Amino acid sequence: MIKLLDAPTSTGEVSVTMRRSDGAVGYLKGEVLQTMVDARGRNLAAHVDAAVDVLLQEAASRILVLGFGGGAASTLLHQAGASVVSVDRDPCAKPLAELFFRAPPCLEVVVSDAAAYVARAMAASFDGMFIDFQESSATPEAYLSASFWRAVSRVLKPGCMMVVNLTDWLYEGRDWADFRRALGQGGFDAVALSHEYGDGNRILVSSTLSQSVSELVS
Ligand SMILES: C[S@@+](CC[C@H](N)C(=O)[O-])C[C@H]1O[C@@H](n2cnc3c(N)ncnc32)[C@H](O)[C@@H]1O
């Protein structure tokens, strides 16, 4: 690996590396790979492709991505014609994604904590969401909080999908039961879980109640 750049942030070091053998480029936070693209800038993470496919199949057209990193998911969704808002707490993510990962400069990337963003976002303002802000072995606090998932559900339009990247650390790890409980308390009871994509990641897909069902239960 050739290190192309180091960028210190308040929550750890971000670096960009290139693989000698094929020119693939990685976005790392504290040594953990967050995004990887090939020498032409194409996404190499199969779980990201899968998450994008689910959202596009659902015809989501205004999508919130929590955890921008090198911007692979946001770029793919944008290229498919969706209007995308992305959130990342690291201010270096957008400039690095443009420089090294071919993210289009027109992408809207808000520098914020993901939970703080959804807590103040307008109700029913997105029709799809990709939640991908676990950057290390530590489960994000928000993933274990019912109020975070309630806020996610409020921000999504009724009946719309959200996809969560389940890392190897989270899936059946020490926080798995608490994560599932918080998700349920937040209103996401029916979930579909994918197989493992070869990089340790799975995707979890769930939706908010449809308009008619939410009217029935309210
Ligand atoms: C796995 S990467 C996202 C990869 C990205 N979805 C992609 O498709 O390339 C996780 C990102 O979440 C960000 N992050 C971690 N904790 C966060 C938080 N509490 N709020 C917002 N962003 C956060 C990190 O800075 C990192 O860039």
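In this predicted model, a polar backbone atom of Ala73 lies 2.9 Å from an oxygen atom of the ligand. The protein covers 96% of the 610 Å² of accessible area that the ligand has on its own. The ligand sits in the largest pocket, and the points below describe first the ligand and then that pocket.

**Backbone contacts with the ligand**

- Ala72 places a backbone N or O atom 3.1 Å from an oxygen atom of the ligand.
- Arg89 has a backbone N or O atom that lies 3.2 Å from a nitrogen atom of the ligand.
- For Ala73, the polar backbone atom is paired with an oxygen atom of the ligand.

**The shell around the ligand**

- There are 19 residues around the ligand, and those that come nearest are Thr35, Asp88, Asp113, Ala114 and Asp132.
- By residue class, the shell around the ligand consists of five nonpolar, seven polar and seven charged residues.

**Dimensions and centre of the largest pocket**

- The volume of the largest pocket is about 900 Å³.
- A total of 48 residues line the largest pocket, and the closest to its centre are Gln34, Asp132, Phe133, Gln134 and Glu135.
- Asp132 therefore appears in two lists, as it is among the residues that come nearest to the ligand and among those closest to the centre of the pocket.

**Lining of the largest pocket**

- Among the strands, S3 (25-29), S4 (32-37) and S6 (83-88) each supply at least two residues of the lining.
- Among the helices, H1 (46-57), H2 (72-79) and H4 (114-120) each supply at least two residues of the lining.
- Strand S4 gives the largest share of the lining, five residues.
- The lining comprises 23 nonpolar, 15 polar and ten charged residues.

Notes:
Residues are numbered from 1 along each chain as its sequence is written. This is a predicted model: local features need pLDDT of at least 70, side-chain atom pairs count only at pLDDT 80 or more; totals for chains, interfaces and linings use all residues. Side-chain values use heavy atoms; hydrogens and water are left out. On a 1 Å grid over the protein atoms alone, a cavity is a set of points where a 1.4 Å probe fits but cannot get out, and a pocket is an open set with protein on both sides within 12 Å along at least five of seven lines; lining residues have an atom within 4 Å of a point. Grid points are joined across faces, edges and corners, and a volume is the space filled by probe spheres set on the points. Helices (H or I, at least four residues) and strands (E, at least two) are DSSP runs, numbered from the N terminus. Ala, Val, Leu, Ile, Met, Phe, Trp, Tyr, Cys and Pro count as nonpolar, Asp, Glu, Lys and Arg as charged, and the others, Gly among them, as polar. A residue is near a molecule or strand if one of its heavy atoms lies within 4 Å of it. A polar contact is a pair of N or O atoms within 3.5 Å; within protein, one must be able to donate a hydrogen and the other to accept it, and residues adjacent in sequence count only if both atoms are side-chain atoms. Accessible areas come from the Shrake-Rupley method with a 1.4 Å probe; for residues, only the protein chains shown count as cover. A molecule sits in a cavity or pocket if more than half of its atoms lie within 2 Å of its grid points.
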